[in-house]
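User: I have a structure here and would like to understand the words used to describe it. Please take me through it step by step.

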Amino acid sequence: MTPEEPEKTPHRRGSIVGAVFLSVLVMAGIVGTALVLVDDTPLPPEWNPTVPLQVEHDLSPLTSWKLANAERSLESCVAALADGAVPRDDFEVSANCHIRDRVNLQTVGASDIADVETTCSIALRMAMWEQHGLQPAAREILNTDLTRIDQIGSYNCRQMRTTSGNSARWSTHATASAIDISGFRFADGTRLRLIDDWNGAPAAAAFLRRARDTSCDWFRLTLSPDYNRLHADHFHLQSAGWGLCR
């Protein structure tokens with residue numbers, strides 16, 4: 001080795017590799033930014049972080065982040081829904097009982113629902129569940145389309161109910177941060193009710209379990225007939241909670 005040819009030590013090789021890696025990252029960032037910002041970007045909307053959530057968009061790793069952003073205000077939440085939810089003024093009874101970011105929910109995606117006042121977060125999560133969970137399950141398991149979701153209430157100024165009686169804690173229904181779903185109706189005339197069909201015919205039971213399981217993708221807490229006897233006739237779905245799905 002001549003003096004003009006210094007030894008390439010592992011440290012120097014590591015520096016070269018690091019510089020190349022950094023250059024690749026910088027170039028990837030430049031390309032990614034260009035893809036996002038150009039008007040005729042080939043990037044699908046569900047992959048574009050500058051495009052707000054729309055219920056009908058396909059799912060992507062950005063969906064949960066976009067959902068959280070949409071829930072930040074009533075305006076962005078209603079915009080994500082596109083239709084089906086009419087915004088209302090906040091409803092205040094007390095510190096424990098109120099509906100903030102209130103909407104009147106009239107349809108859920110392609111499905112009807114009896115008018116219910118709830119939070120926009122519940123409405124948006126219902127729409128995501130209908131689009132990406134319930135409709136695919138109806139087509140795959142029952143070979144028909146879902147046309148109606150039967151609900152038995154969202155807002156109810158009350159304390160929690162337990163199998164041993166009322167709790168001292170306030171229910172999430174007191175702030176309309178929950179909704180109870182009792183059944184589903186379909187384009188072929190089929191009607192399923194949790195109280196009758198949870199352990200009913202195989203296809204009916206399979207759909208209801210898929211409905212429960214996919215609701216857990218969109219709600220932070222789901223309670224079904226498998227949880228306890230108080231939920232024998234409905235799903236309890238919350239926009240707040242700790243991830244329980246049962």
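User: How many helices and strands does the chain have?

Analyst: This is a predicted model. The chain has 6 helices and 12 strands. Of its 246 residues, 41% are buried.

User: Why is alanine 82 called exposed?

Analyst: Exposed means over 50% relative accessible area. Alanine 82 has 55% relative accessibility, so it counts as exposed. This residue lies in the loop between α3 (74-81) and β1 (85-87).

User: What makes the phi of alanine 82 worth a remark?

Analyst: Most residues other than glycine have a negative phi. Alanine 82 is not a glycine, yet its phi is positive, at about 75°.

User: Which other alanine has a positive phi, and is alanine 176 buried or exposed?

Analyst: Alanine 176 has a phi near 55°, again a positive value in a residue other than glycine. Its place is the loop between β8 (165-170) and β9. Buried means under 20% relative accessible area. Alanine 176 has 0%, so it is buried.

User: What makes strand β4 mostly covered?

Analyst: Strand β4 covers residues 102-108, and 5 of its 7 residues are buried. A residue is put in that class if its relative accessible area is under 20%.

User: How do you know that β4 pairs with β1 and with β5?

Analyst: Two strands pair if at least two bridges are found between them. β1 and β4 are joined by 3 bridges, so they pair, and they run antiparallel. Alanine 85 stands opposite leucine 105 in β4. Between β4 and β5 there are 6 bridges, so these strands pair too, in the antiparallel sense. One of the bridge partners here is serine 111 in β5, which is matched with valine 108.

User: What do β4 and β5 form, and how many residues lie between them?

Analyst: They form a hairpin, with 2 residues between the strands. Glycine 109 is in the turn and has a positive phi of about 60°.

User: How do you know that β5 pairs with β6?

Analyst: The cut-off is at least two bridges. Strand β5 (residues 111-119) and strand β6 (residues 146-151) are joined by 2 bridges, so the pairing counts. These two strands run parallel. Aspartate 112 stands opposite arginine 148 in β6.

User: Why is the unit made by β5, helix α4 and β6 called left-handed?

Analyst: With the strands pointing away from the viewer, a path from the first strand over the helix to the second that runs clockwise is right-handed. β5, helix α4 (residues 120-142) and β6 make a left-handed β-α-β unit, so the path here does not run clockwise in that view.

User: Which strand is joined to β6 by 5 bridges?

Analyst: That is strand β9 (residues 178-186), which runs antiparallel to β6. Aspartate 150 stands opposite glycine 183 in β9. With 5 bridges against a cut-off of at least two, β6 and β9 therefore pair.

User: What makes a residue a contact of valine 78?

Analyst: Contact means heavy atoms within 4.5 Å. Valine 78 lies in helix α3. With neighbours within four places in sequence left aside, valine 78 is in contact with Ala85, Pro87, Val103 and Cys120. The C-alpha atoms of valine 78 and glutamine 54 are separated by 9.9 Å, and these residues are 24 apart along the chain.

User: What is the accessible surface of the chain?

Analyst: The accessible surface comes to about 13,300 Å², and carbon and sulfur atoms account for 54% of it.

Definitions and conventions: Residues numbered from 1 in each chain as written. Predicted model: local features only at pLDDT ≥ 70, side-chain atom pairs only at ≥ 80, totals over all residues. Heavy atoms only, no water. Helix = DSSP H or I, 4+ residues; strand = E, 2+ residues; numbered from the N terminus. Buried < 20%, exposed > 50% of the residue type's maximum accessible area, 1.4 Å probe, protein only. Areas by Shrake-Rupley, 256 points an atom, 1.4 Å probe, with all protein chains shown as cover.
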